[in-house]
Number of protein chains: 2
Amino acid sequence: MWRLHQFPICPFSRKVRLLMGEKGIAYSLQSEFPWELRDEFLYMNPTGRTPVLVHEEKNITLCDSMAICEYLDETVDSAKMINGSAEYRAEIRRLVSWFDEQFYGDVTAPLLHERMRKRLVSRESPNAGVLREAMRLANGHLDYMDYLIDHRNWMAGAKMSLADLAAAAQLSVADYLGGIDWTGHAQTKAWYSMFKSRPSFRPLLSERMKAIAPPAHYDQVDF
Amino acid sequence: MWRLHQFPICPFSRKVRLLMGEKGIAYSLQSEFPWELRDEFLYMNPTGRTPVLVHEEKNITLCDSMAICEYLDETVDSAKMINGSAEYRAEIRRLVSWFDEQFYGDVTAPLLHERMRKRLVSRESPNAGVLREAMRLANGHLDYMDYLIDHRNWMAGAKMSLADLAAAAQLSVADYLGGIDWTGHAQTKAWYSMFKSRPSFRPLLSERMKAIAPPAHYDQVDF
């Protein structure tokens with residue numbers, strides 16, 4: 001069976017877990033906190049980043065969340081999430097990259113640094129200015145998501161795809177860390193509310209990162 | 001015909017150009033300097049990043065270098081560069097991501113910031129400490145590349161792949177900006193020397209970024 005090395009609020013691990021959930025792939029979880037720099041983990045993945053997906057019986061170790069998602073979508077036929085015409089697949093991948101790089105870099109990464117790493121690792125107080133800037137950028141990015149959903153059923157177009165899973169992964173971690181103000185984002189809120197009730201998402205929303213509590217609305221479908 | 005929006009030392013545009021060169025895809029170039037924040041360019045790609053690949057006759061606009069490469073490899077059969085078993089494809093994508101994120105973030109990005117943007121945009125002097133740190137990290141990353149080439153014919157394994165193109169793209173920009181000390185990296189140097197003589201790479205090596213000169217060895221196959 002597959003074993004996923006991850007921690008509860010790693011957005012890239014969440015993207016992989018949502019994909020495995022949608023596709024019905026069984027897996028177990030292994031907690032891995034990248035800042036502990038475990039030798040055995042660095043040996044598996046020289047970048048030291050989560051997620052890493054391992055299948056011991058088949059002697060397979062997969063690193064990099066997008067390489068993992070492409071692998072799972074290529075090898076498991078159920079619920080294809082990088083599917084459709086070549087142009088549609090390019091749009092899916094453009095948006096996955098947008099969430100994984102732009103949204104992550106502007107919003108999720110600074111929130112994780114200020115509200116998780118500083119609490120768990122360096123024991124410093126979060127920088128209020130950095131948090132404000134992350135929330136300001138989140139607001140602009142939610143405007144873009146509103147715009148997408150105004151023109152499409154799902155993030156990349158007519159069908160649900162990996163772009164939706166990548167969006168939900170980043171957004172859910174930012175929301176866990178109190179970085180999302182939903183006011184004025186009715187379209188994205190409706191899309192996210194629907195997403196929260198999916199069986200692939202419920203288990204993730206019930207998990208907690210030790211010593212860091214999410215806001216009350218975090219796991220509620222009506223929020 | 002395809003038109004690629006790029007600038008001469010954008011490593012992600014170089015990856016796409018190397019792929020188009022290997023596959024024999026015709027294209028024209030359009031200079032785009034992302035720091036000018038042109039409205040027309042931001043309209044094409046909300047991230048404001050190069051490269052963007054446009055086919056006006058077919059009304060196609062592709063953004064994000066990996067989405068572009070996946071599209072080209074899916075739609076053009078010659079010289080497949082994300083090919084082989086699912087596991088081999090995962091290894092190719094893991095390494096592309098390693099070069100695009102890790103090598104870029106640690107080495108190419110700080111070099112571009114200190115030696116290009118500060119010169120062309122903010123007119124500041126480069127920060128010697130930042131440059132030293134980028135070169136120190138480059139040395140460690142070249143050790144990893146040496147290790148890969150010690151065990152394989154090409155970066156990802158037995159066959160040339162997009163991982164080699166991504167590696168050459170990042171390395172060539174870092175080398176242009178004087179950030180690579182080749183001493184002690186015989187394996188990577190031999191691989192790169194062979195790569196430099198490929199027809200897909202020659203045109204790139206002959207181009208210059210205005211006001212920024214590369215070191216004398218930059219475009220030489222023997223260096």
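Here are a few questions and answers about a predicted model, covering the interface of chain B and chain A and then one tryptophan.

Reader: How much area do chain B and chain A bury between them, and how much of it is on carbon and sulfur atoms?
Author: Happy to start there! On the contact side, 23 residues of chain B meet 23 residues of chain A. Between them the two chains bury about 2100 Å², and the share on carbon and sulfur atoms is 55%.

Reader: Which three residues of chain B supply more of its buried area against chain A than any other three?
Author: Together these three supply 20% of the area that chain B buries against chain A. They are B:Glu74, B:Arg93 and B:Arg94.

Reader: How many salt bridges does the rule find across the interface of chain B and chain A?
Author: A nice example is the pair A:Glu74 and B:Arg89, whose side chains meet at 2.7 Å, N to O. That lies within the 4 Å cut-off for a salt bridge. Across the interface of chain B and chain A, the rule finds eight.

Reader: Which element gives the largest share of the side of chain B that touches chain A?
Author: Strand 4 (60-63), helix 3 (65-75) and helix 4 (86-122) of chain B each supply at least two residues. The largest share is 10 residues, and it comes from helix 4.

Reader: Is B:Trp35 buried or exposed?
Author: B:Trp35 sits in the loop between strand 2 (27-31) and helix 2 (39-44) of chain B. Among the residues it touches are B:Phe7, B:Met116 and B:Met209. Its relative accessibility is 17%, and the cut-off is under 20%, so B:Trp35 counts as buried.

Terms used:
Residues numbered from 1 in each chain as written. Chains lettered and ligands numbered in written order. Predicted model: local features only at pLDDT ≥ 70, side-chain atom pairs only at ≥ 80, totals over all residues. Heavy atoms only, no water. Contact = heavy atoms within 4.5 Å. Buried area = accessible area lost by both parts, 1.4 Å probe. Helix = DSSP H or I, 4+ residues; strand = E, 2+ residues; numbered from the N terminus. Buried < 20%, exposed > 50% of the residue type's maximum accessible area, 1.4 Å probe, protein only. Lists of a residue's contacts leave out its neighbours within four places in sequence.
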